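Here is a brief report on one protein chain. Please read it alongside the sequence and the model.

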Amino acid sequence: MHKIFTTLFAALLSSQLLSQPYQPTWESLESRPIPQWYTDAKFGIFIHWGLYSVPAWATNSNADGFGSNYAEWYWERLNNKKLKIHKEFVEFHNKNYGPNFKYQDFVTQFKAELFDPEFWAQLIKNAGAKYVVLTSKHHDGFALWPSREAWNWNAYDVGPRRDLAGELTTAVKKAGLHMGFYYSLYEWYNPLYRQDVHKYVREHMLPQLKDLVTRYEPDVVWADGEWEHSDTVWQSREFLSWLYNESPVKNTVVTNDRWSSERKHGGFNTTEYGKGNASLTRAWEECRGIGESFGYNRNENLEQYQSSKSLIHMLIGIVARGGNLLLNIGPAADGTIPVIMQQRLKDMGDWLSINGEAIYGTTAWPSAPTLEDIYFTKKGRDLYVLVTKWKKQIILSQVKADKVELLGYEGNVRFSRKGNSLIITAPQLDPNNNPSPYAWAYKLSNVF
């Protein structure tokens, strides 16, 4: 009887799995289309905020190469004796906090007393971003929500004693934006992870991830910390199958490619400070800070910060190549967003309020010519020509259009045809009628 029951149960389970559209194989999982909202959004805001926001310090010497000035890696850098920068972190820590002050002690100073989620959401919306990705848990394991798997090591039990992730989720969704979460698969010093990774995945990571999804219903699940193990160890395929088939966000959620040490499977590709896989045939996203750190780094100076002009040019270049920009801000431990970051976001929002038509909902133009300081996006029969350095005349071969206009400019734009070329003559602009100080977008209607 037991054998019959077991056989029937196995058959039923197999039948249920086969009825689900996405099986736990990469071939099946990657057959799921990227939700349209994401490919249309183009611009999102990354937020790195946690205990590392208290010391808010990293080197600015790039001593060990890529990522050495990431302030969110503060705890690991204190202990990593293999890196050249180890000494700098230890000296800073001992001088300012003392050799007996542990990283865990920063929790008493992580108070978030000035955190205003509605202000954050409005700032991000005004910046022209369409989605938010908050670090729900970084590699230190400290969670920004009342996670039962991180008992007494989360922002609800200690420190601010607030559900920071939940409060921001409510504000972001109320503002009409998409909410998402970064989640680190591994944890540097979690005893269970270091002793038995399989038990860690089964009893800590997967329940915690599923709690995050079911509790807040995010539209982005942004994995990281995947590099130590395969997708088999992380049970990534099984989790994504659940996410795409059974979760409350199965129809809207989008994921990245950081689910295995190989980093070649998942949703969209990721690049980080320009390093990674960008493609015209697969959705991708560049993530980076306004400065050179994700977590707030008080040791950065003005020269480490991108100007508003360079950020807008960066957005244009990424979107013209079919990608999204996930631009990071690093709040301070008290919940305030550094004013220089606010200023950069405001400038981007001002530019997008005029030129967003050439960014949102567009695709790359596969036939785009390579022209200095000129980029192209496409939407239906319309072609957008984005110019990052003012030009008196633009000549485009093999292009015809019914109408040419400059976004934000009320006057007419002269254009003519010569053979198979379209010649655009720039209008006369002055400080009173210049629609954009950093870059300009021409709209070519009904291109053929």
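UniProt, in an unreviewed entry, places the feature "domain: Alpha-L-fucosidase C-terminal" at residues 372-444. The model is predicted. In it, the chain over residues 372-444 is 0% helix and 49% strand. The end C-alpha atoms of that stretch lie 19 Å apart.

**The sheet**

An open sheet of 9 strands runs in the order β5-β4-β3-β2-β1-β9-β8-β6-β7. Its pairing is mixed. The edges are β5 (254-255) and β7 (275-276). Each has a single partner strand, so one side of each is left without a neighbour in the sheet.

Two helices pack on this sheet, as the table shows.

| Helix | Strands touched | Angle between directions |
|---|---|---|
| α7 (residues 164-174) | β1 (43-47), β2 (131-137), β3 (178-184) | about 150° with β3 |
| α13 (residues 339-355) | β1, β9 (323-329) | about 150° with β9 |

Elsewhere in the sheet, strands β6 (residues 269-272) and β8 (residues 284-289) run parallel. They are joined by 4 bridges. Thr270 has Glu285 of β8 as its bridge partner.

**A buried helix**

How many residues of helix α11 (residues 236-245) are buried? The count is 9 of the 10, so the helix is largely enclosed by the rest of the structure. Aromatic names on the buried list include Phe239, Trp242 and Tyr244. Arg237 and Asn245 are also buried, as are Ser236, Leu240, Ser241 and Leu243. The cover over these buried residues includes the helices α2 (26-29), α9 (197-216) and α10 (231-234). Strands β4 (220-224) and β5 also contribute to the cover.

Methods: Residues numbered from 1 in each chain as written. Predicted model: local features only at pLDDT ≥ 70, side-chain atom pairs only at ≥ 80, totals over all residues. Heavy atoms only, no water. Pairing = 2+ DSSP bridges. Contact = heavy atoms within 4.5 Å. Axes fitted to C-alpha atoms, helices over the stretch in contact; angles between N-to-C directions. UniProt positions renumbered as here; feature names shortened; annotations may be inferred. Buried < 20%, exposed > 50% of the residue type's maximum accessible area, 1.4 Å probe, protein only.
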